[in-house]
Amino acid sequence: MIDVANCDLAYSQGALPVKVYSDFNLKIDPGESLVLIGPSGCGKSTLLYLLSGLLKPSGGEIRIWGEPLRKTRQKTAIILQEYGLFPWLNVEQNVRLGLKVRHQPKKVYRYIVDEMIHKMGLTEVKHHFPSQLSGGQKQRVALARALTLKPDLLLMDEPLSALDALTRERLQKLLLEIWQEQKLTTVLVTHSIEEAVFLGSRILVLKNGRPTQIVGEIFNPQVGQSGYRQTSEFFQKASYIRSLLEGGSAE
Ligand code: ADP
Ligand code: MG
């Protein structure tokens, strides 16, 4: 589905260019749930922006379904850590926004919006404003808004990192359900090793450097199996990722 081919990207910081990606290659299959994990500043957000079309590589090319990516696409949804909700709109209006700006007829979007609000468990707060919501609720509004647009690619930049542990676990399960039901392709950035193994069908471990390098690629076909979090395979994968992040070798 996605082909990142020989991509270069540098930011200019003062006089010096900061080379984040150089001759970088990555392929993503349809229906994968790819997780990016690595230390701060290693280039995770940058890769997500490149995949979204918000940033353009200075060399190489990104293709989605064979089409060169030249700008943002309708079928790509992106969710950032800060929720991106409008404080003066209530839950329902925030969820509706994406459809409205794409000029869908009211009859169509009312149904889609209601269904999505229900699915995300937001019916009781649908007339509340963002300031009246918890972090977990805000993130579900952001997710609802993204999903109403029926994306084929969902990009998420540390979407759960601001949440408390229990809310975070609940939303991890919700994300897993959405991915399984909708056969979406997702790319998720996280700092949490647990979350990576719980949500990623493939996990890429990135390393700080100029340019960024992939130091590990873990295939995780058991993802989504019930009780997986309690298995020894789960712990083995988590400790392998930890050792890669620490820069050592696996025990
Ligand atoms: P991560 O998301 O993994 O923390 P980023 O992709 O945000 O990393 O950043 C990768 C590198 O690029 C970092 O060294 C960061 O300082 C640098 N960087 C990010 N955005 C900019 C920018 N707009 N201008 C200059 N340098 C940037
Ligand atoms: Mg980041």
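Begin by selecting Glu61, which is partly exposed, with a relative accessible area of 30%, and keep in mind throughout the tour that the model on the screen is a predicted one. Add Arg63 to the selection: this residue also counts as partly exposed, at 27% relative accessibility. The two side chains form a salt bridge, in which the closest N and O atoms are 2.6 Å apart. If you then add Asp3 and Lys27, you have a network of four residues, since salt bridges that share partners join Asp3, Lys27, Glu61 and Arg63. The structure as a whole holds 11 salt bridges, and the next two stops show two others.

**Two salt bridges at helix H6**

Select Arg168 and Glu195, whose side chains meet in a salt bridge with an N to O distance of 2.8 Å. Arg168 belongs to helix H5, which runs over residues 165–182, and Glu195 to helix H6, residues 193–199, so this pair ties together parts of the chain that are 27 residues apart in sequence. Are these two partners buried or exposed? Arg168 is buried, because its relative accessible area is 16% and the limit for that class is under 20%; Glu195 likewise counts as buried, at 1% relative accessibility.

Now move to Glu194 and Arg229, where the side chains meet in a salt bridge of 3.0 Å, N to O. This pair links distant parts of the chain, with Glu194 in helix H6 and Arg229 in the loop between strand E10 (213–219) and helix H7 (232–245), 35 residues apart. Here the partners fall into separate classes, for Glu194 counts as partly exposed at 35% relative accessibility, whereas Arg229 counts as buried at 12%.

**Helix H1 and the residue after it**

Select residues 44–52, which make up helix H1. Of its 9 residues 7 are buried, so the helix is largely enclosed by the rest of the structure. Colour the buried ones to see this: they are Lys44, Thr46, Leu47, Leu48, Leu50, Leu51 and Ser52. Then step on to Gly53, which follows H1 and has a positive phi, near 90°.

**A surface patch and strand E6**

Next, show Leu54, Ile78 and Leu80 together, since they form a nonpolar patch on the surface with about 240 Å² of accessible area together. Ile78 is found in strand E6, residues 76–79, and counts as partly exposed because its relative accessibility is 31%.

**The largest pocket**

Stay with Ile78 and turn to the largest pocket, which has a volume of about 500 Å³. This pocket is lined by 23 residues, and those closest to its centre are Thr76, Ala77, Ile78, Ile79 and Arg145. Which element gives the most to the lining of this pocket? The answer is strand E6, with 4 residues. To see the elements that each supply at least two residues of the lining, select H1, E6, helix H2 (91–101) and helix H4 (135–148). Colouring the lining by class divides it into 13 nonpolar, 6 polar and 4 charged residues.

**Two cavities**

The last stops are enclosed spaces, for the count comes to 2 cavities of 30 Å³ or more. About 90 Å³ of space lies in the largest cavity, and the residues to select around it are Ser33, Leu154, Met156, Leu175, Leu176, Ile178, Trp179, Thr186, Leu188 and Leu199. Strand E7 (153–157), helix H5 and strand E8 (185–190) are the elements that give two or more residues to this lining, and the largest share, 4 residues, comes from H5. By class, the lining of the largest cavity has 8 nonpolar and 2 polar residues and no charged ones.

For the second largest cavity, with a volume of about 40 Å³, select Gln139, Leu143, Pro159, Leu160, Leu171 and Leu175, which line it. Leu175 may already be on the screen, because it is listed in the lining of the largest cavity as well as in the lining of this one. Helices H4 and H5 each supply at least two residues here, and the lining divides into 5 nonpolar residues, 1 polar and no charged.

Key. Residues numbered from 1 in each chain as written. Chains lettered and ligands numbered in written order. Predicted model: local features only at pLDDT ≥ 70, side-chain atom pairs only at ≥ 80, totals over all residues. Heavy atoms only, no water. Patch = residues over 30% accessible without salt bridge, like charges linked within 9 Å, V, L, I, M, F, W, Y side chains within 5 Å. Areas by Shrake-Rupley, 256 points an atom, 1.4 Å probe, with all protein chains shown as cover. Buried < 20%, exposed > 50% of the residue type's maximum accessible area, 1.4 Å probe, protein only. 1 Å grid on protein atoms, 1.4 Å probe; cavity = no way out; pocket = protein on both sides within 12 Å on 5 of 7 lines; lining within 4 Å. Points joined across faces, edges and corners; volume = space filled by probe spheres on them. Nonpolar A, V, L, I, M, F, W, Y, C, P; charged D, E, K, R; others polar.
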